[in-house]
Structures are given as structure tokens and as C-alpha cells.
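Got your viewer open? Let's take a walk through this fold, one selection at a time.

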Amino acid sequence: MHTVAVLALDKVIPFDLSTPIEVFTRTRLPDGRPGYQIRVCAEEEETDAGAFALRAPWGLEGLAGADTIIVPGTADPAAPLAPAVRDALRAAAREGTRIASICSGTFPLAATGLLDGLRATTHWIAADLLAATYPDVEVDPGVLYVDNGRILTSAGAAAGLDLCLHMIRSDYGSAVAADAARLSVMPLEREGGQAQFILHDNAPTPQGSTLEPLLAWLQDNLANDLTLSDIAAHAGISTRTLIRRFREQTGTTPCSGCTAPGSGRPSTSWRPPSTRWNASVPRSASVRRRPSATASRRRRASARTATAARSADTARATAHVLHAVVPPAPRAGGTTRRVPREGTPRTDRQGRGRGNTTSRPGP
């Protein structure tokens, strides 16, 4: 059985600590057996977890022999790493153990030197601090997790779930991972990355301005049916430039959060989610309308009716052809003509043999 050791450092974040424990503990193989054995390890007998104190059943010796080590985030990522913890993680890496960090757990992992020269991520709010503290680490704040083979890192909070599901899929395949995702009420793969959650401080556009005045104007005009053209006209830029700058500075598009109620269809108007869908709002040429469920049912019913009509026409045409080729049976008292029948000699008027004959009603 695959053994996962979760390392609880001082001031560990409870959410990051519980994420791998819950996900891996509830993972089941197709035959019902558990997929993982969990060890919660700590350096000290009692660990500060913020709202409570934690007494881990394993010390640092529990890291030895584990197949995977998880380093959850801590509330003080800049805190120095204890030499005993550093040595234990380095020894595990030399043995080929897979080591992963969640959220700010990237900091103690970077302190071991195991991330030098590698791409890594962490919670977006701590990405700049990580890059400044460990310049040898290539920090990517825009992704949910980074897999370097034996060393993995994830972004903050819920991204730990994405990383755990990714490791389950690597260990046991997509079917087991999909079952674990369902138990976690999580998609197996989330769209987008961490960039959509990053708050940028006055990020400049090519003209040196910012979107902050435009965002404030949009907040003041949420009750209006604003189209992309309206927003772009207010900003004095084209719609394509507007979409590009929104994506650069906010990680999303101006109208990505607007949908038609019950349809999941994207809207091109800037409206709060609670307002009703306005069918008269113009749509950009790049947005394709998706049919509603009622319209789809009507089209399918119409197609079935058309198919039945074609089948009826085909049956009538076939009957007409058969009627022309095979004459109908005569009424009572009709005449007969002679046709060949197996085993009976047939002669013409001169008495020459012409094969077999039988009699059947004539036309």
C-alpha cells in the first residue's frame, strides 16, 4: 500500500494539513481496498496549528520509508527551517521519495535546496516573497500546481485538492482519481489557473493607464444593459483590446461572469448575476448561442416526424411498384394461364417439349 506522510510544521495551516489527509484516506481502489496509508508527522511532540494544538502520532522518523511526503503550508512562511526537518527531507529525496508542498509549504521545501533550478508555485499572495527569498527557484504564480517528477508544488488553499487528485491519477489511473474527485465534490481537472484570482496593484496597460476607473464605472452601472461595445467605447479602446487588457490584469474577460439563467449560455452584456436575462442584448460575433433544452426537444421531435413521413412515403412507393410488377389475384370465375411447374413436362402447340408447367390464375 502507498504510504503518505503529512509533515505538520510549527504554525501549520489546518486546511492545508487536512486536505491530503481527507483526500488520500477516502481513496478506494476498484476492489474496495484503501489506496493509501496516512502518517501525520511532526518535529515536536505538540505543534501549534493556530486555533488548536496538534499532537502527531509520528515524529520525523515517520518520513523514512514513506512513498510520498506532503508539506502543508504554514502561517509564517519566512520562519527558518529546523535543521532536523531539512536533513529528513533531503534524505527522503535521495531515497527517491516523492515530495509535494501545498500553498506556502513551498517555502520550507525551497529552504532544503530541492527546488533550486526548478519551476514551482505557491499561493499567489506569497509568490513575490518566494521569488525574492529563493532566487534560484523559477516561480510561476499563475498555475494551480507544478509537477517536476519527484518534486511537486501547488498554489494556495483549494489548489491542494487539485494536486492530490493529480497524484492519485498518477498512482492509480483516472478511474480511481475520478471517484476521489466525486467524493471531494471537485472536478478532476479545473479550468484555468491561479492567475484568475490574483489581485494586481495598478498594473499598467500599454498606454500607461489602468482599468481601475473602468471597473469603478462598471460597478456604478451594473443595473444597465452594457454591451462589450458600450464598455469599450467608455474606455476609448476597441473590444478586442478591452478583452485583452481585462485578461492581462484580472485573469478573466469583461463578461465572463454573466450567463443566461438556467442555460449556462455566456452573455456579452455586463450584468450582475441576479438580474434577468435580456434577450434583446446584442451579442458579439464571436459568441455562439446554444439552444435551450426546450428548443432541442422540439427539433428532435420534428426530426422524428420527418423520418416517419419519409418512411411512409417509401412504403407507399414500394407498394405501388409491387402492384405494377405482380398482378393482383383474379376474382372468382377468372381465367387461368399455364406457367412452368417443376416436374411437369411442357409442350407447345406443335407437341415439342418446352420444360415444366403448372397452372395459376391469369390476370
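Start with the whole chain in cartoon: this protein has 10 helices and 16 strands. Keep in mind that you're looking at a predicted model. Colour by accessibility if you like; of the 363 residues in the protein, 36% are buried. For a feel of how the chain folds back on itself, take the contacts between residues at least 6 apart in sequence: 56% of them join residues at least 24 apart.

**Stop one: strand β5**

Now select residues 68–71, which is strand β5. Turn on the side chains and look at which way they go: Thr-68 and Ile-70 point one way, while Ile-69 and Val-71 point the other. Buried or exposed, these four residues? Each of them is buried.

Add residues 2–8, strand β1, to the selection. β1 and β5 run parallel and are joined by 3 bridges. To find one of the pairings, pick Val-4, whose bridge partner in β5 is Thr-68.

**Stop two: across to β6**

Keep β5 on screen and bring in residues 98–101, strand β6. How many bridges join β5 to β6? There are 4, and these two strands run parallel. Go back to Thr-68 and look across to β6, where Arg-98 stands opposite. Then move to Ile-69, which stands opposite Ile-99.

The side chains of β6 are worth showing too. Arg-98 and Ala-100 point one way from the strand and Ile-99 and Ser-101 the other way, and all are buried.

Next, show helix α2, residues 83–94. Together, β5, α2 and β6 make a right-handed β-α-β unit, so rotate until you can follow the path from strand over helix to strand.

**Stop three: on to β10**

Select residues 151–154 to add strand β10. β6 and β10 run parallel, with 3 bridges joining them. Where does Ile-99 find its opposite number in β10? Look at Ile-151.

**Stop four: Asp-16**

Jump to helix α1, residues 14–25, and pick out Asp-16. With a relative accessible area of 2%, below the 20% cut-off, Asp-16 counts as buried. What does Asp-16 touch, leaving out residues up to four places away in sequence? Select Pro-72, Gly-73, Ile-102, Cys-103 and Ala-157 to see its contacts.

**Stop five: the largest pocket**

Switch on a surface and go to Leu-9, Asp-10, Ala-79, Pro-80 and Leu-81: of the 20 residues lining the largest pocket, these lie nearest its centre. The volume of this pocket is about 340 Å³.

Colour the lining by class and you'll get 12 nonpolar, 2 polar and 6 charged residues. Which element gives the largest share of the lining? That's helix α3, residues 106–111, with 3 residues.

**Last stop: Phe-246**

Finish at helix α9, residues 239–250, where you'll find Phe-246. Its relative accessibility is 3%, so Phe-246 counts as buried. Draw a distance from its C-alpha atom to that of Leu-215: the separation is 9.9 Å, for two residues 31 apart along the chain.

Notes:
Residues numbered from 1 in each chain as written. Predicted model: local features only at pLDDT ≥ 70, side-chain atom pairs only at ≥ 80, totals over all residues. Heavy atoms only, no water. 1 Å grid on protein atoms, 1.4 Å probe; cavity = no way out; pocket = protein on both sides within 12 Å on 5 of 7 lines; lining within 4 Å. Points joined across faces, edges and corners; volume = space filled by probe spheres on them. Nonpolar A, V, L, I, M, F, W, Y, C, P; charged D, E, K, R; others polar. Buried < 20%, exposed > 50% of the residue type's maximum accessible area, 1.4 Å probe, protein only. Pairing = 2+ DSSP bridges. Right-handed = clockwise from strand over helix to strand, strands pointing away. Contact = heavy atoms within 4.5 Å.
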